[in-house]
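Subject: Structure for you to look at

Dear colleague,

Here is the structure I said I would pass on. My notes on it follow below.

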Amino acid sequence: MASRCPPDDFKIYYVLTECTDYSDTSSVKESSMSQQHSQGVTGLRNLGNTCYMNAILQCLCSITPLVEYFLSGKYITALQKDSGEAATAFAYLMTDMWLGDSDCVSPEVFRSAIGKIYPAFLKRTQQDAQEFLIYVLNELHEALKKFHRKKTQEKGLTTKCYRKVASSESSIITRLFEGQLNYDIVCLKCENCAYKNEVFTVLSLPIPSECECSLQECLGCFFQQDTLTWNNQIHCAFCESKQDAAVRASIAKAPKTVIFHLKRFDCQGRVKRKLRTDIHYPLNNLDLSPYIYPLFRKHPKYSLCGVVNHFGDLDGGHYTAFCKNTVSQTWYSFDDTRVCEIPDSAVQTAAAYLLFYSCQPFSIPTPKCKY
């Protein structure tokens, strides 16, 4: 029988089934002071309702190209004047999590730095992990961005088709996480085709079933053709009036690391609820080629490297993370300070909220300077 753990963020007792009750208990190795500390396998102290932050930080810590960028000191030369406190705090935290000798560290300095920019994260209240992730990626980008001469147009398949370049700014964040969606918009009256581009770092996927579905079904629902009518009509330049239109999205630029947000929190009028759909997602060989524009299918298959789980409901809950360690090539469960190794079969969970996929295998980060 699973033992009870200390009170969580909402002072409720959770039974951590992800660390216990496996049929093969020999595959679960709990982290303790008596065991040798592994690189990148470090718990994070809960500072008061900060499980959402800890889960996100653990997943970012598992993306070793990002970690190596900070461990190597490359970020220092890219720092923007007067906007580098959060990025520097992030670098120190990644160093502690990868090179420190403690089984658990505190993210207090990073939380304080990010809280100066976004005060909501200083409050001792639960926050949404996906929103926190977007704020962190945005702040790191702003602190590390470099400006480039912007290209205005890129020729497409026909003389009528032009696609805008995503951004004139680049950073380690855009290089790893930024993708671009292309929307083909066809007027249903005159059949004129227009194009719209949109940059993304997180793709929010609808859940088409309340019981069970696959990640591919969620992707299929997101990328299916939609018809805009009534109040959603578009203004057609050829018809010179609002018309019904067919819209289909495709990926014009696939990021090296793609993050999926599973839209479990549903609002229908005044009623809010959490969808507890069991979504099946692959650990390897996720094929995105059906959704990528044919000219840009460079990285069609992806492997899972991190999962953020949400337990509970809209009014109260708890976040944990599953991350694949580059050094050992094994999966770990991170629940604030509690860390344990888990089998591949345990990574599939109905509590999954955010999925991190990479199109290339990660190497072990190599630090090049000491702090």
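Two helix axes count as roughly perpendicular when the angle between them is 65 to 115 degrees. Please keep in mind that this is a predicted model. In it, α1 and helix α4 (residues 85-99) pack at about 75 degrees, with axes 11 Å apart, and are therefore roughly perpendicular to each other. On the α1 side the contact is made by L57, Q58, L60 and C61, and on the α4 side by F90, L93, M94, M97 and W98.

The chain as a whole

The protein chain has eight helices and 24 strands. Of its 371 residues, 49% count as buried. Taking the contacts between residues at least 6 apart in sequence, 68% join residues at least 24 apart.

Helix α6 and its partners

Helix α6 covers residues 129-144. With 16 residues at 1.5 Å a residue, α6 should span 22 Å, and because its end C-alpha atoms are 22 Å apart, the model agrees with that expectation. The N-terminal end of α6 is capped by D128, which has a side-chain oxygen 3.1 Å from the backbone nitrogen of Q130.

Which residues of α6 are buried? They are A129, Q130, F132, L133, V136, L137, E139, L140, H141, A143 and L144. As background, an α-helix has 3.6 residues a turn, so residues three or four places apart point the same way.

One partner of α6 is helix α1 (residues 51-61): the two axes come within 9 Å and cross at roughly 55 degrees. That angle makes α1 oblique to α6. The crossing of α1 and α6 is right-handed. Y52, M53, I56 and L60 of α1 make the contact with A129, F132, L133, V136 and L137 of α6. L60 of α1 is thus listed in the contact with α6 and also in the contact with α4.

Another partner is helix α5 (residues 108-117), whose axis comes within 11 Å of that of α6 and crosses at roughly 85 degrees. This makes α5 roughly perpendicular to α6. Here F110, I114 and I117 in α5 meet F132, V136 and E139 in α6. F132 and V136 of α6 therefore appear in the contact with α5 as well as in the contact with α1.

Helix α2

Helix α2 (residues 64-71) is mostly covered, with six of its eight residues buried. The buried residues are T64, L66, V67, Y69, F70 and L71. What do they pack against? Their partners are α1, α3 (74-78), α4, α6 and α7 (172-177). Just after α2, G73 takes a positive phi of about 85 degrees.

Loops

Most residues other than glycine have a negative phi. Two loop residues in this model are worth listing on that account. E191 is not a glycine, yet has a positive phi of about 65 degrees. E191 sits in the loop between β7 (179-187) and β8 (193-200), and at 65% relative accessibility it counts as exposed. Q329 is not a glycine either and has a positive phi of about 60 degrees. Q329 is found in the loop between β21 and β22. Is Q329 buried or partly exposed? With a relative accessible area of 46%, Q329 is partly exposed.

T330 also lies in the loop between β21 (317-324) and β22 (331-335). The side chains of T330 and S328 are joined by a polar contact of 2.6 Å. Leaving aside neighbours within four places in sequence, T330 is in contact with C323, K324, N325 and E341.

The last loop residue on my list is S209, between β9 (202-205) and β10 (212-214). At 22% relative accessibility, S209 counts as partly exposed, since the cut-off for buried is under 20%. The side chain of S209 reaches the backbone oxygen of E212 at 3.2 Å. Where S209 and R276 are concerned, 67 residues separate them in sequence, and their C-alpha atoms are 9.6 Å apart in space.

That is the end of my notes.

Best regards

Conventions. Residues are numbered from 1 along each chain as its sequence is written. This is a predicted model: local features need pLDDT of at least 70, side-chain atom pairs count only at pLDDT 80 or more; totals for chains, interfaces and linings use all residues. Side-chain values use heavy atoms; hydrogens and water are left out. Helices (H or I, at least four residues) and strands (E, at least two) are DSSP runs, numbered from the N terminus. The expected span of a helix is 1.5 Å times one less than its number of residues. Buried means under 20% relative accessible area, exposed over 50%, partly exposed in between (1.4 Å probe, protein chains only). A polar contact is a pair of N or O atoms within 3.5 Å; within protein, one must be able to donate a hydrogen and the other to accept it, and residues adjacent in sequence count only if both atoms are side-chain atoms. Axes are lines fitted to C-alpha atoms, for helices over the stretch in contact, and angles run from 0 to 180 degrees between N-to-C directions. Angles under 35 degrees count as roughly parallel, over 145 as roughly antiparallel, 65 to 115 as roughly perpendicular and the rest as oblique. A crossing is left-handed if the near helix is turned anticlockwise from the far one by less than a right angle, and right-handed if clockwise. Contact means heavy atoms within 4.5 Å.
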